[in-house]
Amino acid sequence: FISGIGFIPTSFVTTGAVGAFAWIAFLALFVVFGLRMVILRGPEDPFVRYTAILSLVSAIYLFTTAIFGLPNAVLLALAFGGVLVGAGILLFVSAHWDELSPTGRMITVVALVVVFHVAGALFRNRFDSMVVTMHALCTMALGAGLALTGQIFHLDTEWSTGALLWA
């Protein structure tokens, strides 16, 4: 017997009261500080705000999967690694955003979409979890492309409207 209803509830049983308290405290603090960062101290730059919100929502989704599902260690590593790589790439691009011309910005975002899709296609027959991770990274890059397009055409709107367009 290696698991119950999910990865995190199973670790409650295997680690005892201290482990259960640690998980509950971590998840609560993660959500509180994440929401505080996005709501109260939200970045002014729309692209950085998009990256921060996307990273928080992705991480919450992954923790929810770990509560209700049974992902193995490789899937969790790929999922969290994918979120970190995606956030890192988007934050790196946003740090140099002002230095890029509008054409350079569009080429960068389109190149990210193409690179992640090609990487997913290369792993197609070998490693299904990596394919999902690469396509998730491509989805993040596509969301950045939508944010960029809105910025180019001066579509001043709330980030929630952009998220609805992306979905």
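**Helices H1 and H3 in the predicted model**

Helix H3, residues 73–95, makes a good starting point: with 23 residues at 1.5 Å a residue, it should span 33 Å, and its end C-alpha atoms are 32 Å apart, which agrees. Its buried residues are Leu76, Leu78, Ala79, Gly82, Val83, Gly86, Ala87, Leu90, Val93 and Ser94. A helical repeat helps in reading such a list, because an α-helix has 3.6 residues a turn and residues three or four places apart therefore point the same way.

The structure is a predicted model, so a look at confidence is welcome here. The mean pLDDT of the protein chain is 76, and 85% of its residues reach 70 or more. Confidence is highest in H1, at a mean of 85, and lowest in helix H6 (residues 159–166), at 58. Where pLDDT is low, the predicted coordinates should not be read in detail.

Helix H1 tells another story. It has 33 residues, yet its end C-alpha atoms are only 29 Å apart, short of the 48 Å that a straight helix would reach at 1.5 Å a residue. A kink of about 140 degrees is found in H1, centred on Gly16. The buried residues of H1 are Ile8, Pro9, Thr10, Ser11, Gly19, Ala20, Leu27, Gly34 and Val38.

H1, which covers residues 7–39, also contains Val31. Together with Leu35, Ile39 and Leu40, Val31 forms a nonpolar patch on the surface, and the four share about 390 Å² of accessible area. Val31 has a relative accessible area of 33%, and because this lies between the 20% and 50% cut-offs, Val31 counts as partly exposed.

Terms used:
Residues numbered from 1 in each chain as written. Predicted model: local features only at pLDDT ≥ 70, side-chain atom pairs only at ≥ 80, totals over all residues. Heavy atoms only, no water. Patch = residues over 30% accessible without salt bridge, like charges linked within 9 Å, V, L, I, M, F, W, Y side chains within 5 Å. Areas by Shrake-Rupley, 256 points an atom, 1.4 Å probe, with all protein chains shown as cover. Salt bridge = Lys/Arg side-chain N within 4 Å of Asp/Glu carboxyl O. Helix = DSSP H or I, 4+ residues; strand = E, 2+ residues; numbered from the N terminus. Buried < 20%, exposed > 50% of the residue type's maximum accessible area, 1.4 Å probe, protein only. pLDDT = per-residue confidence, 0-100. Expected span 1.5 Å × (residues − 1). Bend = angle between axes of the 7 residues up to and from the residue.
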